[in-house]
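Student: Hi, could you walk me through this one with me asking as we go?
Tutor: Happy to, let's put it up on the screen.

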Amino acid sequence: MILFDEKTGIFHLRNAYQSYVFQLVRGRYLLHRYWGRPLREFRDSYPLQPVDRAFSPQPNAYENERTFSLDVLPREYPDAGHVDYRIPAYAVELENGTTATELFYKSHTVTKGKPELTGLPQTYAAEGECETLCIRLEDAKKRLAVTLCYTMFADCSILTRSALFENIGTEAIILTNAASFALDFSDHAFDRMILFGGHAAERSLERVPLTRGVCSAESRRGASSHQMSPFLALARKNTDEHKGEVYGFSLLWSGEFALKTEVEQFGTTRVVGGIQPIGFRWRLGVKEKFQTPEAMLAFSAEGLNGMSQAFHEAVRHHIVRGKYRDAVRPILVNNWEATYFDFDEEKMDRLAACARDLGLELMVLDDGWFGKRNDDNSSLGDIFVNREKLKGGLSAIAESAHKRGLKFGLWFEPEMISIDSKLYHAHPDWILRAPDYPVSFGRHQLVLDLTRAEVRDYIVTSVNHILHEEAIDYVKWDFNRHITDAFSAQMPSVHQGEVKTRYVLGLYDILERITRANPDVLFESCSGGGGRFDAGMLYYMPQTWTSDDTDAIQRLSIQSGTSFVFPPITMGAHVSVVPNHQVGRVTPMQTRAFAAMMGCYGYELDITRMDYRERETVKRHVALYKKIRETMQLGRFYRILTPFDEVKNETAWEFVSKDGREVVVLYFKILAQPAAQLRAVKLTKLDADARYEITHEELAQGLSVDGAGNPQMHLVGRTFYGDELMERGIGVAKIDTDFAAYLWVLKKK
Ligand code: DGJ
């Protein structure tokens, strides 16, 4: 519900989970007043205090009112270079070199539903599911108009924000900063949480006390990146997974970004987030518009899991689209770690036969099927099949999968080009490249200039051609280097500061056209693993390859970190061979399987080389997963223990089915310890009064046994009330082995 009180100027945006309040002051300025638990009514028990603060200037109209300065007031969308010294939400340069603008309130509208943002990924909802407030601000000198949009959803603790810039003057304006949102908290008693990482080590959680000055979680890589996720949270000190307040921010943007905090002189905290301003210069001609990406703002009074629930709800029901939105995902086998570039039709046929035998459902042919690609030196851009390697073409491999009842999937990396390719010889100017300087390489490849319409058309036509000619059910869309030398040969110099942003908009145009033309295909995005795991990509492709690191133990932290924003159904997770190809670790098959079951389950190893025992184990895991995957993929997910906790040695995840009738619990203990503490896993969000039967239990291999050879803790068939399972927990049998994993299935009686 969105309320506006004309007398007080209060805008109160409210749903069952949160209230967000700001105020129109003096008919001009938007001041932030409150965000937190839902309030019945905002009557202003803690009014703004007029204080004369030295060295905080007054706007011209209030020269004699020294207690009125925008430098000390909590603001909704602060300008730059005028009266407020804190970090701005936007900045411009006018033709005369001025950077000052002043935005004043002009009008507002409240509508049911949510207007579309052209060309961008966005949250969507039916009319009855949300309300949108749009506030138009205009520059006092009639040069610039900015429309701030706020959408409050009814079914989750999410508010989305974005800003639309419009040149309403007579001269061009250069936008040098255009954040999606900003707001000021009245204190700074927070911990700052970010998800940082690197290739094959994505999304580790860092939680540190919020410090004075400016901190920025950002990417300058042209993509959302492995190194930093487009996510920020401010948590109260006592907040843990299950209790306490936390404010989360996530961007629907796959390009570079900045999420900044500033704790200023009087102890307040400003948060600003959106496209990375460094290097951003967008020339807005007269009457032209620029739409910022959308940001999701989540509030939780129920700890970090509460924040994640809000994000998961938004991602699953208001971002992901298409046939697979609410559908369980097929169990796949991918040939990358099985064969790398060394495959042929015969090998793929053996893989298909084995996959069928194991009960798998989708076979994916990864990199190396096109051009003359047999290593990563050539052929990107040549999106046609390598007939020397695959004599029967893709059809023969698709056929070998389909005749066995498997779906068939194919890898693409359409945004890239190799110098050794037909495409490069035909169009050497189709790349991003700084003029006069030699090109820079990443994995021997260059980045296509997606700001050019003809490049986008080439990609759409060639990918669609393959998807229409061949029977392809799944696509893995990869992106294996970041952007450097962001210069486009066809763009006038005054527009070069737009290239990185236009690249991402160009990508979105391509993705919209391809996914729309192929509604039955399941798309998985990838960027050397999870280098572009963001809410923007999920608008087009419902799942993402979480990391190139397939080691089960690394995955405990990568997947736990990813789950702060993204639900398990969005995370590709595969069982791979041991010793693991990334870290050399040897873990039991059960541990690898249980870690992978957390996400969209699959295998990425040469299954044809497994011995009888391994094959039987895989069959058992696959059969088990098919029984519980609906709960794991479509239910609710909670972190119980993670490697980010003080005790770093354990992880426990809980999945509750949509109707609450089935609960799946996974527990991992990383290293066995002498004199180990005996433990129980305390469940959460069960029905305290209901009884739950433990119907299935898989305990760690190498488990301690009693005198009769039975595991020391054996609970199958026992029934417990929800309160006991939450307060006392499920006892974990003592473990005498490293890398142990347990699984329990509970059914509500
Ligand atoms: C990076 C991906 O993350 C891998 O899974 C694989 O597809 C390779 N690229 C292929 O080049």
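Tutor: We can take rings, helices, the ligand and some backbone details in turn.

Student: Before that, what kind of model is this, and how are the values handled?
Tutor: This is a predicted model, in which local features need pLDDT of at least 70 and side-chain atom pairs count only at pLDDT 80 or more, while totals for chains, interfaces and linings use all residues. Residues are numbered from 1 along each chain as its sequence is written, and side-chain values use heavy atoms, with hydrogens and water left out.

Student: Good. How many aromatic pairs does the structure hold?
Tutor: There are 43 aromatic pairs in the structure. Rings of Phe, Tyr and Trp (its six-membered ring) pair if their centres lie within 6.5 Å; planes under 30 degrees apart count as stacked, over 60 as edge-to-face and the rest as tilted. One of the pairs is Phe22 with Tyr150, which is stacked, with 4.8 Å centre to centre and 25° between the planes.

Student: Where do Phe22 and Tyr150 lie?
Tutor: Phe22 belongs to strand β3 (residues 19-25) and Tyr150 to strand β8 (residues 144-153), so the pair ties together parts that are 128 residues apart in sequence. Helices (H or I, at least four residues) and strands (E, at least two) are DSSP runs, numbered from the N terminus.

Student: Is Phe22 buried or exposed?
Tutor: Phe22 is buried, at 0% relative accessibility, and Tyr150 is buried too, with a relative accessible area of 0%. Buried means under 20% relative accessible area, exposed over 50%, and partly exposed in between (1.4 Å probe, protein chains only).

Student: And what about Tyr742 and Trp744?
Tutor: Their ring centres are 5.5 Å apart and the planes are at 35°, so the pair is tilted. Tyr742 counts as buried at 0% relative accessibility, and Trp744 as buried at 1%.

Student: Which residues do ring pairs link into a cluster?
Tutor: Phe22 and Tyr150 are in a cluster linked by ring pairs, and its members also include Phe4, Phe11, Tyr20, Trp35, Phe181 and Phe299.

Student: Do rings get charges too, I mean, which ring does Arg321 sit over?
Tutor: The charged end of Arg321 sits over the ring of Tyr539, 3.6 Å from its centre. Arg26 lies over the face of Tyr62, 4.8 Å from the ring centre. A charge sits over a ring if NZ of Lys or CZ of Arg is within 6 Å of the ring centre and within 35 degrees of the ring normal.

Student: Back to Arg26, what is its phi?
Tutor: Phi of Arg26 is near 55°, a positive value in a residue other than glycine. Arg26 is in the loop between β3 and β4 (29-36), and is partly exposed, with a relative accessible area of 38%. Ala675 also has a positive phi, of about 50°, although it is not a glycine. Ala675 is found in the loop between β33 (662-669) and β34 (679-681), and is exposed at a relative accessible area of 86%.

Student: Where's the cis peptide bond?
Tutor: The cis bond joins Val578 and Pro579, with omega about -10°. Pro579 sits in the loop between β29 (571-576) and α10 (589-597).

Student: How many residues of α10 are buried?
Tutor: Nine of the nine residues of α10 are buried, so the helix is largely enclosed by the rest of the structure. Among them are Arg592 and Gln590.

Student: And α7, how far does that reach?
Tutor: Helix α7 (residues 499-517) has 19 residues and reaches 27 Å from its first C-alpha to its last, close to the 27 Å expected at 1.5 Å a residue. The expected span is 1.5 Å times one less than the number of residues. Its buried residues include Tyr503, Leu507 and Glu512.

Student: New topic: how many residues surround the ligand?
Tutor: 13 residues surround the ligand, and the closest are Asp366, Asp367, Lys476, Asp478 and Asp548. A residue is near a molecule if one of its heavy atoms lies within 4 Å of it.

Student: Which ligand atom does Asn480 approach?
Tutor: A polar side-chain atom of Asn480 lies 3.3 Å from a nitrogen atom of the ligand. For Asp366, a polar side-chain atom is 2.6 Å from a ligand oxygen atom.

Student: And how much of the ligand is buried by the protein?
Tutor: Taken alone the ligand exposes 300 Å², and the protein buries 98% of that. Accessible areas come from the Shrake-Rupley method with a 1.4 Å probe.

Technical notes. Polar contact = N/O pair within 3.5 Å; in protein donor to acceptor, adjacent residues only side chain to side chain.
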